[in-house]
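Reader: I should be grateful for a close look at a single part of this model, followed by an account of how that part relates to its surroundings. Please set it out as one connected description.

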Amino acid sequence: MSALLNRRVAAGCCCRLWPTVSQSLVHIRTQSAAEPGTTKADEEHLWEAAAGYLPFSRARIGPFFQDQPVLKNPFLEDALLKGYLRRHLPEEAVFSDLSAFGERLAKEVDTWGRECEVNPPRLVHFDPWGRRVDHIVTSEAWKRMKDLSAREGLVAIGYEKLFGEWSRVYQMSKLYIYSPSSGLYSCPLAMTDGAAKVIQSIGLPPVCEEAFGRLTSRQPERFWTSGQWMTERQGGSDVGSGTETVAVPQTDGSYKLHGFKWFTSATDANMSLTLARAQDSRGATTPGSKGLSLFYAEVSRDEDGLLRGIEVQRLKEKLGTRQMPTAELLLDGLPAHRLSEEGRGVASIANMLTITRIHNSVSAVAGMRRVVLLARDYATRRTVFGKLLKDHPLHVQTLARMEVETRGAFLLVMELCRLLGREESGLASQLDAHLLRLLTPVVKLYTGKQAVAVISEGLESFGGQGYIEDTGLPGMLRDAQVLSIWEGTTNVLSLDVLRCVARSSGMVLHAYFTHVKSLLAGASSVSSLTPAVKAVGGALSELEEFVQVAASKGPNYLELASRDLAYSLARIYAGALLIDHACWKEASPHDTYAALRWCEQDLCLVVTKQKSGCYESSTAPLDSGLVYE
Ligand code: MFK
């Protein structure tokens with residue numbers, strides 16, 4: 001049968017392509033199809049004779065191999081990052097540090113990041129003799145990331161404050177170029193930074209003074225990472241009613257924690273901040289948020305090598321972020337110290353949430369930037385339809401749209417870092433403080449969604465290769481998907497926006513309007529930016545009107561509008577930042593072009609949706625009817 005098939009093939013297509021190759025030579029492609037009477041030696045001889053003619057055979061798989069995209073120095077390749085720093089932090093030390101680090105990332109560290117993905121952590125529950133050990137085994141690359149993070153000061157820079165109010169911008173710029181190469185080490189660093197911030201903000205209590213020194217150390221042997229154990233089985237969003245962990249007071253003033261933490265990221269950390277309900281003398285606890293206190297716990301082992309007060313139940317099987325151990329933990333008498341006043345747990349851990357949400361935003365924009373860098377490099381290497389991708393205007397239009405999204409997101413994130421730096425240097429005005437509170441959830445939720453969209457688009461620009469696991473590209477999309485989920489989902493953060501508006505009696509919005517207007521005022525005389533200024537100015541007026549109207553509506557109306565409101569706040573603010581950056585005396589025409597393009601979109605989505613009645617009381621039942629039809 002196969003001989004017959006081979007004859008047909010030979011007589012048909014093969015002989016058309018290679019007329020000098022005889023039919024019997026084609027037959028020897030399959031052993032079973034060899035002509036009767038042909039010896040093995042004859043076959044080998046025929047193979048060799050044919051080798052010059054057969055471009056596809058066991059020995060040859062065709063001469064064409066596509067060049068892969070190459071990661072170049074992510075600092076030197078990033079025009080906007082360099083421009084932003086030249087404008088605000090023109091320090092030679094910062095440029096040379098980022099430049100050298102960028103070189104190392106491209107040449108060495110990026111491979112470690114890949115290794116973290118290929119060798120994910122695993123949990124060893126028992127030693128060979130049956131003793132419970134609960135070892136989370138991580139790759140060598142993951143361990144190297146810890147050393148690197150300490151040496152490079154990826155947390156420390158924010159606390160050394162060598163560049164005053166710009167220290168956070170410097171630190172986050174470094175994390176921004178590092179994050180996509182970090183094999184998700186960016187996550188433990190986020191929580192480590194958040195824990196250091198909490199400990200510092202409550203005045204370095206003696207019980208964790210040593211920990212603070214370690215979290216912010218540049219010495220690898222001293223450096224510690226921290227976890228942030230908030231999520232329990234009843235949910236990660238409604239922490240107030242979902243937390244069941246109890247803290248049993250001990251005679252020495254410390255506590256022992258008993259509970260089940262359902263989602264603990266980077267579980268190989270040295271310590272953690274966590275929430276629990278302190279028991280009173282009768283063993284009773286207070287329900288809800290008001291019963292939660294903040295605790296500090298070290299992760300340690302006893303003399304038998306057992307984890308003190310912790311059992312690692314299992315590691316999570318996640319869509320992405322597989323490089324990082326995420327576990328379910330049974331806390332069974334974990335020694336801990338209360339850091340907050342009783343019942344002030346959520347308010348006290350809020351500083352950690354602010355920091356991790358900023359890190360989340362940094363990672364989101366870093367992922368966007370990385371995929372754009374790789375896609376634009378690839379476009380110089382990949383030929384289709386007779387020319388390089390970079391010479392196809394439609395392809396470049398797509399890349400340019402990704403670039404505009406990335407630029408808007410980048411400036412939003414850097415604005416947060418600028419505000420954080422001002423607050424931590426004691427320079428923040430009331431307006432700065434309000435802006436930081438409002439923009440933290442807005443930027444986190446917006447960039448999380450953008451990252452998924454931009455990275456997904458980016459994968460498409462590699463064609464089928466963007467879908468192939470061992471290119472390392474699909475992992476970028478999987479990892480991005482978490483950015484809109486952890487640290488507060490899009491809807492939970494939209495409600496946080498409403499919460500901070502209400503708690504500040506609208507002052508956060510007042511600060512927002514004031515600041516955007518001042519950014520636009522600086523651009524009023526720049527004619528090339530007029531369409532963008534008009535668009536942002538118009539959208540801002542619409543938003544102000546919306547806020548007036550919405551204030552008189554009930555909470556249900558506001559809740560339905562909250563997500564679109566947050567998107568509008570993000571788009572308008574990013575537009576103003578792009579305009580402002582394009583007005584800088586050393587800005588390039590590309591900065592102007594990016595601002596114009598950004599401002600072409602619907603900047604005030606909430607008004608567009610309001611006009612179509614999306615938030616009216618009649619809409620919710622219609623939505624529900626549609627969903628459950
Ligand atoms: C690459 C980097 C990535 C980093 C990854 C880290 C991985 C870690 C994985 C995780 O741990 S994911 C779990 C993250 N969980 C969340 O983000 C929780 C999401 N839920 C919320 O944010 C809820 O809105 C919240 C739990 C805060 C609501 O709780 P409550 O108890 O209903 O809050 P309430 O009563 O409104 O506020 C209590 C206090 O906290 C108030 O202070 P006062 O009592 O002094 O007035 C609030 O003002 C304050 N507060 C709440 N949210 C705040 C805040 N303060 C500042 N900023 C905030 N965001």
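Author: A helix is here a DSSP run of H or I with at least four residues, and helices are numbered from the N terminus. The model is a predicted one. The part chosen is helix 6, which covers residues 140–151. Just after helix 6 comes Gly153, whose phi is positive, at about 65°.

The length of helix 6 can be tested against expectation. The expected span is 1.5 Å times one less than the number of residues, so the 12 residues of helix 6 should span 16 Å. The C-alpha atoms at its two ends are 17 Å apart, which agrees with that figure.

The next matter is how helix 6 is covered. Its buried residues are Ala141, Trp142, Met145, Leu148, Ser149 and Ala150; a residue counts as buried when its relative accessible area is under 20%. The cover over these residues includes helix 5 (92–118), helix 8 (167–178) and helix 9.

Helix 9 leads on to the ligand. An oxygen atom of the ligand lies 2.4 Å from a polar side-chain atom of Arg499, and a polar side-chain atom of Arg503 is 3.0 Å from a ligand oxygen. Gly488 takes part through its backbone, with a polar atom 3.2 Å from an oxygen atom of the ligand. Alone, the ligand would expose 1,200 Å², of which the protein buries 81%. Helix 9 (186–201) is among the elements that give two or more residues to the surrounding shell, together with helix 12 (345–378) and helix 16 (490–503). Helix 12 contributes the most, with 7 residues.

The shell has 26 residues, and those that come nearest to the ligand are Ser289, Arg344, Arg357, Arg499 and Arg503. By class, the shell residues comprise 10 nonpolar, 9 polar and 7 charged. Helix 9 thus appears in two settings: it is part of the cover over the buried residues of helix 6, and it gives residues to the ligand shell.

The whole protein provides the setting for this part. Its secondary structure amounts to 22 helices and 12 strands, and 52% of its 629 residues count as buried. Among contacts with a separation of 6 or more, 74% join residues 24 or more positions apart. Along the principal axes, the C-alpha atoms fill a box of roughly 95 × 75 × 60 Å. The protein exposes about 28,600 Å², with carbon and sulfur atoms supplying 54% of that area.

Notes: Residues are numbered from 1 along each chain as its sequence is written. This is a predicted model: local features need pLDDT of at least 70, side-chain atom pairs count only at pLDDT 80 or more; totals for chains, interfaces and linings use all residues. Side-chain values use heavy atoms; hydrogens and water are left out. A residue is near a molecule or strand if one of its heavy atoms lies within 4 Å of it. A polar contact is a pair of N or O atoms within 3.5 Å; within protein, one must be able to donate a hydrogen and the other to accept it, and residues adjacent in sequence count only if both atoms are side-chain atoms. Accessible areas come from the Shrake-Rupley method with a 1.4 Å probe; for residues, only the protein chains shown count as cover. Ala, Val, Leu, Ile, Met, Phe, Trp, Tyr, Cys and Pro count as nonpolar, Asp, Glu, Lys and Arg as charged, and the others, Gly among them, as polar. Buried means under 20% relative accessible area, exposed over 50%, partly exposed in between (1.4 Å probe, protein chains only). Contact means heavy atoms within 4.5 Å.
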